[in-house]
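Me: I would like to go through the labels given to this structure and ask what each one rests on.

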Amino acid sequence: MSLYRVHLLPAQQGDCILIEYGRPERPHRVLIDGGLAGTWTHLKGLIEALPIEQRRFDLLVVTHIDQDHIEGALSLFKSPPEGLSFDDVWFNGFKHLEESDLEDFGPLHGERLTTHLWTAPAWNQLFGRRAVVVPDTGPLPTRELPGGMRLTLLSPTRARLRKLRGVWAKRCEEAGLNPQVQPPPPAPEGLEPMGGIDVAALLAGGFKEDDAEANGSSIAFIAEHDGRSVLFGADAHPSVLRASIARLDGGRAKVDAFKLPHHGSRKNVSTELLALVDTPRYLFSTNGSRHHHPDREAVARVLARKQPAELWFNYRGPHTEPWDSDELRAEWRYTTRYPTTAAGGITLDLS
Ligand SMILES: [Zn+2]
């Protein structure tokens with residue numbers, strides 16, 4: 001069977017995910033997000049370890065403008081390793097937020113990523129250079145990448161992109177996208193012990209959906225290759241993911257792994273969303289700093305499905321370690337995977 005590997009790089013509280021698929025001796029590569037600026041060191045090392053002729057990636061997806069996803073991508077464009085190229089880059093810039101079938105916006109804003117992409121040979125190429133967006137009706141968009149990778153888009157919707165329009169400038173500034181603004185200093189680690197876990201008590205609380213515009217604009221998709229598939233949830237809103245999954249054959253997603261949206265936030269991992277996804281593996285990308293993800297409620301909702309689950313964490317820390325408990329594992333029938341090094345990062349091999 002051909003290769004299908006997913007690397008969750010140590011991206012602190014963010015996402016930086018490398019997918020490798022195809023022939024093991026000459027794999028295809030897709031990069032999802034760049035994490036924070038600090039992630040760039042890891043990513044750069046990984047790219048520079050590749051022979052120059054293998055530094056042509058099939059796709060880069062910058063899921064949305066939040067700092068913990070975009071900052072490392074900016075570093076990448078600023079000083080790309082020799083020979084690095086992307087056949088396509090998926091990123092919804094300002095011009096994509098409210099386009100119609102007739103209009104074509106010019107380069108309205110000089111955000112740094114947009115500036116880089118403006119001259120890039122391929123920007124949303126597989127979408128005709130228009131928005132990467134799920135239409136309100138009809139089938140979900142699917143795109144085939146070379147080497148037999150099929151991507152089915154689940155998020156964002158046009159409504160969610162439109163919502164971002166009003167706060168675009170502010171969010172870009174926060175993400176350090178405005179060249180006039182220095183990137184904010186690294187967030188304090190904010191890692192405090194979390195004490196004992198009572199799953200039943202965690203399940204008793206209510207659910208309130210994430211309403212952050214930038215998260216709602218996230219590009220999320222299912223990536224299928226040679227009989228295996230992974231749902232990459234970015235920081236997407238659960239109601240958007242649910243509505244798209246309901247449009248799949250059978251109204252459900254059956255995948256080998258689910259990268260949970262928004263680093264396992266309780267506002268993005270709902271019981272209703274989990275109920276639509278059949279999977280044995282749940283992937284968490286976060287070190288818990290700043291927002292203290294994953295939220296215990298989100299993990300509890302996964303366990304409450306009472307189906308054997310593997311929890312994959314790309315960091316061991318105060319917010320993931322408490323799940324490394326024989327007692328909890330026995331009661332809730334799950335297994336845990338943690339990085340083998342203190343630096344973090346974990347690789348799921350579906351080959
Ligand atoms: Zn995020």
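Reply: Start with what counts as an element: helices (at least four residues) and strands (at least two) are DSSP runs, numbered from the N terminus. On that basis Gln12 lies in the loop between β1 (3–8) and β2 (17–22). The model is a predicted one.

Me: What makes the phi of Gln12 worth a remark?

Reply: Phi of Gln12 is near 50°, which is positive, and the residue is not a glycine. Most residues other than glycine have a negative phi.

Me: Why is Gln12 called partly exposed?

Reply: Its relative accessibility is 24%. Buried means under 20% and exposed means over 50%, so a value in between is partly exposed; Gln12 therefore counts as partly exposed.

Me: Where is His262, and what is its phi?

Reply: His262 is in the loop between β13 (257–259) and α9 (271–275). Its phi is about 50°, again positive in a residue that is not a glycine.

Me: Why is His262 called buried?

Reply: Its relative accessible area is 14%, and the cut-off for buried is under 20%. His262 is therefore buried.

Me: Which residues coordinate the zinc ion?

Reply: The donors are Asp68 (OD), His69 (NE2), Asp235 (OD) and His263 (NE2), at 2.1 to 2.2 Å. A donor has to lie within 2.8 Å of the metal, so these distances qualify. Along the sequence the spacing is D-H-x165-D-x27-H.

Me: Why is the site of the zinc ion called irregular?

Reply: The angles among its four donor atoms run from 85 to 160°. Four donors count as tetrahedral if all angles lie between 85 and 135 degrees; an angle of 160° breaks that rule, so the site is not tetrahedral. The site is classed as irregular.

Me: How do you know that Asp68 and His69 are buried?

Reply: Asp68 has 11% relative accessibility and His69 has a relative accessible area of 0%. Buried means under 20%, so both residues count as buried.

Me: What makes the contacts of the His225 side chain with Gly22 and Gly148 polar contacts?

Reply: The side chain of His225 reaches the backbone nitrogen of Gly22 at 3.4 Å and the backbone oxygen of Gly148 at 2.7 Å. The limit for a pair of N or O atoms is 3.5 Å, so both distances fall within the limit. His225 is in strand β10 (residues 220–225), and at 4% relative accessibility it counts as buried.

Me: Which peptide bonds are cis?

Reply: Among them are Ser155 to Pro156, with omega near 5°, and His293 to Pro294, with omega about -5°. Most peptide bonds are trans.

Definitions and conventions: Residues numbered from 1 in each chain as written. Predicted model: local features only at pLDDT ≥ 70, side-chain atom pairs only at ≥ 80, totals over all residues. Heavy atoms only, no water. Donors = N, O, S within 2.8 Å, 3.2 Å for Na, K, Ca; no water. Tetrahedral: all angles 85-135°; square planar, octahedral: opposite > 155°, others 65-115°. Buried < 20%, exposed > 50% of the residue type's maximum accessible area, 1.4 Å probe, protein only. Polar contact = N/O pair within 3.5 Å; in protein donor to acceptor, adjacent residues only side chain to side chain.
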